[in-house]
Structures are given as C-alpha cells and as structure tokens.
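This briefing walks through a single chain and its ligand, moving from the overall fold to the ligand shell and then to local backbone features. Please read it with the sequence and the coordinates open alongside.

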Amino acid sequence: MIDHDVVIIGAGPAGAAAAILCAQRGLRVVLLEQAVFPRKRPGETLQPGVELLLQQLGVADAVQAAGFLRHTGHWVQWGGARQFIAFGQGATGPDRGFQIPRDALDSLLLSRAVESGVRVMQPCRVLKVIRDPRRVCGVQTQQDDFTAPHVIDASGTSSWLSRQLQLRWRRFSPPLIAHYGYATGVCPEAEIFCGIEADPLGWCWTAKIGEHRYHWTRLSFFPENKTQVIPPAVFKHLTASGPARGADVTWRVCQQAAGDGFFIAGDAAFVLDPAGSQGVLKALMSGMMAAHAVIQARSTPWHELSIQQQYQQWVNEWFNRDRRKMCEIYRTHPFPPTWLF
Ligand SMILES: Cc1cc2nc3c(=O)[nH]c(=O)nc-3n(C[C@H](O)[C@H](O)[C@H](O)COP(=O)(O)OP(=O)(O)OC[C@H]3O[C@@H](n4cnc5c(N)ncnc54)[C@H](O)[C@@H]3O)c2cc1C
C-alpha cells in the first residue's frame, strides 16, 4: 500500500496535465499508465488555443524547439466551393495551430510530469477501485495498491472509473465510429490541404502531420455504413502506415464527472466526434481543471461538495456548448444527419 495525495489514471493529455499542475503545487502525485510509450493515438491537429495551455504546463519551449508543422486555418468543403477558414489574427501575426504527432506530444508531457516530481508507474494497469464506505480512496493495480484522498480518472474512452462506479452517461447521437489511418509518401495536394470535406455519408478529414506523413479520418453519420474504412482518394497512391482503425466517438457526457474522492477528465468524462479537432484541447483543459479542483478541495475540504458541483457544471457547459456548435455545423452539411436535435 503506497500513499499519495493524488492518484491519476492514464497518461494521455488529460492525465499528464492534471499530474503536472498537482505536482507543481507540491502534491505527491502518482500517474498510472497501462501502455508503454511511445504509443499510437489519433489527435495531431491542435487548435491555436492549445499554445497557452502548453505554456502553463511548461512544455511550450520544447514544442517550439521540435519544429512541428503549424497551420493558420483549415480548408473546408461543405457543399459549396472549397474555402479557407483562417483561425484569426493576433497581435504578432496570424493565429496558428499545430500538427503534433501524439506520441511526441504525450512523451513531452510525460517528461515534464517526471521533471515536476510526478511518480510515473508504466506499464501499470489499474484493475479495481478502492472505496471506504463514503468515498473513492485509491485503486488496485497489477503491481500494488495506491491510495490517496483524491483520484483523477483520465483513462480516455475506456472511462475506467465510471464503469467501476457504474455512473450514468447521457448520449446525444447514435453509436458513431470514426475510422482513421496514416500514410507516408509525397502528396502535393495535401501540402496545402489540412481540412474537412463533406461527402454523402458524412465527412473526411485530411492533414499533413509531418515530412511525408499524412493522417485521415472519416466519419459516417449512419452507424451501419462500413464503407468509410477506406482512405480518401487523395491518399490512394500513398503507402498506408498500418491498418485503418476505428474509434467510438458517440456524443456522450458522464452524468457524474465528480464525486466524493474523484474527478473525471478528458475523454473519460465527455466525447464528441473529432470534426472540431478539440479533443486534445479539451483533455488538457479538463485535466487542469480537475487538478485545480483537487487543490481547492484540499485547502477548503468543507467546500468539497460545491467544488464537485462546480466541476460537473463546467463539464456540462463545455460539452453542451460544443455539442450545439457541432449541431449548427452539421445542419449546414449538404446531407445532414437525421438524428440532429
Ligand atoms: C479518429 C480520431 C481523430 C482525432 N483527431 C483529433 C484531432 O485532430 N485533434 C484533437 O484535438 N483531438 C482529436 N481526437 C480526439 C483525441 O484523440 C482525444 O480527445 C484525446 O486523446 C483525449 O485525451 P485523454 O487524455 O482524455 O485520453 P487518451 O489520450 O486516450 O489517454 C488515456 C490514457 O489512459 C490509459 N488507460 C486507460 N485505461 C487504463 C487503465 N485501466 N489503467 C491504466 N491506464 C489506462 C490509456 O492507455 C491512455 O494512455 C481524435 C479522436 C479520434 C478517435
């Protein structure tokens, strides 16, 4: 049995961000990750807003030094002519997003967590929640038990803690699977093309993510349709890097993202399909919010219930704002999904 101030499950962007902030505030943090890094995950295209979060987490310089591709907006073909939608203009020039392969981003964040004093256990699979009668107070893993007054679940779409606690979820779409893949080679059209294109079934996203490296994602609005597994025509001549994969991106939000002894962050708390390229931003932000909530709960334990409620409200508001935005965009699709409400 090992005691910490915070136990964090999952070392994706949500878990790493939560771990860094908690450790920077002097908390004893253990971060439990089942996978060995580097590991493949989709989510390379990052919005300009991520830059501020990377600065706060202390990895902005490392990201800058790595020289990842940057873009000033997206190409959109949504029924009419293809048009470029720029992010906007800041004081120092156009706002720019990033194309950061996830293995690189996750490794940078994890290194920063270690530098900040986080104890990382990897590979270490979390198996069972430990509860005293009133609250979540730790987890059992393959290696050991880890106990703490606060547990942050950042286990991604496996939503580990909510399954353990049998928490309720609210779904806002039929089951949706995004198919995605990677390709290498030379693709002059994709040199300038980072964007989304509507098709009769849904949409297709393509991006250049590095030197001769490309990513595609396709989403069908019709769950029963299986034809979206094939790469888009523009990448047909490239060499596929591994098989196409599928991921569950059903729109959903956990009805209890905080409770006695726990906070849930990132995809473990709420998911929308990746049309908005917001998942990593949301994961970083919610990991940081969960860390702030833990820090607040430690300094004013008599306010813990209201801190939990505020966190839940924040999750709901973010999810509903993004969901409404997504509905607006999908209503203008040339073949809008019938399940929109
Ligand atoms: C096809 C596709 C394309 C996408 N494209 C983009 C994009 O372009 N831009 C963008 O911002 N977002 C994108 N996203 C969304 C993005 O991938 C996610 O929102 C983001 O990865 C969520 O981060 P996270 O930290 O919550 O979870 P994850 O990154 O999934 O991390 C969770 C971690 O928890 C670990 N874990 C799980 N269970 C356990 C356990 N029991 N014990 C220990 N460890 C555990 C996992 O191994 C994993 O490392 C895309 C998603 C998909 C499916």
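The backbone detail that opens this briefing is Ser 159, which lies in the loop between β15 (150-153) and α5 (160-164). Ser 159 is not a glycine, yet its phi is positive, at about 45°, and with 21 C-beta neighbours inside 10 Å the residue counts as buried. The model is a predicted one, and every value below is computed from it.

**Overall fold**

- The chain holds 8 helices and 26 strands, and its C-alpha trace extends over about 60 × 45 × 40 Å along the principal axes.
- The radius of gyration of the chain is 20 Å, which agrees with the value near 20 Å that a compact globule of 341 residues would have.
- Of the 341 residues in the chain, 44% are buried.
- Among the contacts with a separation of 6 or more, 72% are made by residues 24 or more positions apart.

**Shell around the ligand**

- The ligand is surrounded by 39 residues, and the closest of them are Gly 10, Gly 12, Gly 156, Gly 266 and Gly 279.
- Two or more residues of this shell are given by each of α1 (13-24), β4 (45-46), β17 (177-184) and α7 (279-299), and the largest share, 4 residues, comes from α7.
- By residue class, the shell around the ligand comprises 20 nonpolar, 14 polar and 5 charged residues.

**Strand β17 and its partners**

- Strand β17, one of the elements that contribute to the ligand shell, has 6 of its 8 residues buried, so it is largely enclosed by the rest of the structure.
- Antiparallel pairing connects β17 to β20 (residues 213-220) through 7 bridges, and within this pairing Ala 183 has Tyr 214 as its bridge partner.
- A further antiparallel partner of β17 is β22 (residues 245-248), joined through 4 bridges, where Tyr 180 stands opposite Arg 245.
- Strand β21 (residues 239-240) is also antiparallel to β17 and is joined to it by 2 bridges, with Thr 184 opposite Thr 239.

**Open sheets**

- One open sheet consists of 3 strands in the order β4-β10-β5, paired in antiparallel fashion; β4 and β5 (69-71) are at its edges with a single partner strand each, so one side of each lacks a neighbour in the sheet.
- Within that sheet, 2 bridges join β4 to β10 (residues 97-99), and Thr 45 has Gln 99 as its bridge partner.
- Another open sheet has 6 strands in the order β11-β3-β2-β15-β25-β24, with mixed pairing, and its edge strands β11 (119-121) and β24 (258-259) each pair on one side only.
- At the β24 edge, 2 bridges form the antiparallel pairing with β25 (residues 262-264), and Ala 258 stands opposite Phe 263.

**Helices α2 and α7**

- In helix α2 (residues 50-57), the buried residues are Val 50, Leu 53, Leu 54 and Leu 57; viewed down the helix axis they fall within an arc of 100°, so they line one face of α2.
- The cover over these buried residues of α2 includes α1, β4, α3 (60-66), β10, α4 (102-115) and α7.
- Directly after α2, Gly 58 adopts a positive phi of about 80°.
- Gln 296 belongs to helix α7 and, with 16 C-beta neighbours inside 10 Å, counts as partly exposed; its C-alpha atom is separated by 7.5 Å from that of Ile 307, which is 11 residues away along the chain.

**Local backbone features in loops**

- The peptide bond between Phe 37 and Pro 38 is cis, with omega about 0°, and Pro 38 is in the loop between β3 (29-32) and β4.
- A cis peptide bond with omega near 0° also runs from Gln 122 to Pro 123, the latter being in the loop between β11 and β12 (126-131).
- Ser 277, in the loop between β26 (270-271) and α7, is a residue other than glycine with a positive phi, near 50°, and it counts as buried with 20 C-beta neighbours inside 10 Å.

Note on methods. Residues numbered from 1 in each chain as written. Predicted model: local features only at pLDDT ≥ 70, side-chain atom pairs only at ≥ 80, totals over all residues. Near = placed C-beta within 6 Å. Nonpolar A, V, L, I, M, F, W, Y, C, P; charged D, E, K, R; others polar. Pairing = 2+ DSSP bridges. Buried ≥ 20, exposed ≤ 12 C-beta atoms within 10 Å, placed from the backbone. Arc of directions from axis to C-beta. Contact = placed C-beta atoms within 7 Å. Rg over C-alpha atoms; globule rule 2.2 N^0.38 Å.
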